[in-house]
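Thank you for letting me take a few minutes at today's meeting. Please have a look at the model on the screen, and then I will walk you through the packing of its interior and the pairing of its charged side chains.

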Amino acid sequence: NNPNNVDSPGERSSQYAAESSCSLRFGPHVKWIGQFDIDEYLIPMGEYDSVLPLLDKLEDEGKKIISFDSWRAWPRRTHINTPVTIKDKALCESTDGCFDLVIPNNVTVLAAYNCDRQKPGKKLHKMPAEKQIYRADYVRQHFVHYSTITASTMLNYTVYGNKFGSAVTFPDPLSRFGDEVNEGLMVHSKAVARQDTAGWLRHCNVKGGGDGFCRIGFPWPDGAEERGETKDADGWKYNCYLNPKIDDFWVPKLEKAMAKYSHLLQGK
């Protein structure tokens, strides 16, 4: 996703090939295909406890594509191992100390990263990307984040205009974004690299200055934002929001499912 004028523009030909292969091999056998990375969780919200009823709803609406905003979540300080400071400019890429962020074995990544930088349904900003679930028989080419060629956009100019009343082909006329409060949202648990923790004590705590970008999650308590509170009693700056449904419903469900396979992790 990087601009083409930087040293690492993000060449992704292998990803494009894998995606095309998936569509060609499995598309004829399924109704829907979802394109998500391994560090992205699709979380049914509202009354949904599965994505399948949401897909039925899209069918009833005549929609062929549903998109979910992408925005990196932060790992909660309470859900990672105690940081051990590294003082090495080469490793930290900074004169500030850094650390290797580790999630304990008894904590799921979903629980650790349940700290979104914006409230569900309140994303005023998003990364220049999105992830989608789409009808396999409708999307003819998918390009990591976007449905670039569909049955609709393949229509000629006149037919397309007569059918949809507009010549605009993006976003696709049979697509929409998911309702983050009532349908579903995406948690992007992208790992925080060692160098991205450099100076974290200075960035995250007002006692250290609080003058930088903190990538460790300190969630807003209920009502704190409305009361104008910006930090806790120890000076840690609030910078993300908990999703109660994840903590109360999805994390216990995930832990229960994983418990069935714990013997495999223990080598038994």
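The largest nonpolar core in this predicted model has 23 residues, and those that touch the most other members are Ile43, Trp200, Cys204, Ile216 and Phe218. If you want to find this core by following the elements of the chain, look at helix H4 (109-112), strand E8 (184-188), helix H6 (200-204) and helix H7 (244-259), because each of them supplies at least two of the core residues. As a general background for those who are new to this, nonpolar side chains tend to be buried together in soluble globular proteins.

Which residues does Trp200 touch, if we leave out those up to four places away in sequence? They are Arg77, Pro83, Phe99, Asn205, Ile216, Phe218 and Trp236, and among them Ile216 and Phe218 have already come up as core members that touch the most others. There is also a second, separate core, made of nine residues, and this one includes Trp32, Leu58, Phe68 and Ile133.

Let me now turn to charge. Side chains of opposite charge can pair when their charged atoms come close, and in this model the count comes to 15 salt bridges. One of them joins the side chains of Arg176 and Glu61, with a distance of 2.9 Å from N to O. Arg176 lies in strand E7 (residues 175-177) and Glu61 in helix H2 (residues 52-61), so this pair ties together parts that are 115 residues apart in sequence.

Are the two partners buried or exposed? Arg176 has a relative accessible area of 18% and is buried, because the cut-off for that word is under 20%, whereas Glu61, at 38%, counts as partly exposed.

A further salt bridge brings together the side chains of Lys119 and Glu225, at 3.5 Å from N to O. This pair, too, links distant parts of the chain, since Lys119 is in the loop between H4 and strand E4 (130-135) and Glu225 is in the loop between H6 and H7, 106 residues apart. Here Lys119 is partly exposed at 32% relative accessibility, and Glu225 is partly exposed at 34%.

Asp211 forms a salt bridge with Arg202, and their closest N and O atoms are 3.3 Å apart; Asp211 counts as exposed, at 54% relative accessibility, while Arg202 is partly exposed at 28%. Finally, please look at Lys31, Glu59, Arg135 and Asp137, which are linked in a network of salt bridges.

Notes: Residues numbered from 1 in each chain as written. Predicted model: local features only at pLDDT ≥ 70, side-chain atom pairs only at ≥ 80, totals over all residues. Heavy atoms only, no water. Core = buried A, V, L, I, M, F, W, Y, C linked by side-chain atoms within 4.5 Å. Buried < 20%, exposed > 50% of the residue type's maximum accessible area, 1.4 Å probe, protein only. Helix = DSSP H or I, 4+ residues; strand = E, 2+ residues; numbered from the N terminus. Contact = heavy atoms within 4.5 Å. Salt bridge = Lys/Arg side-chain N within 4 Å of Asp/Glu carboxyl O.
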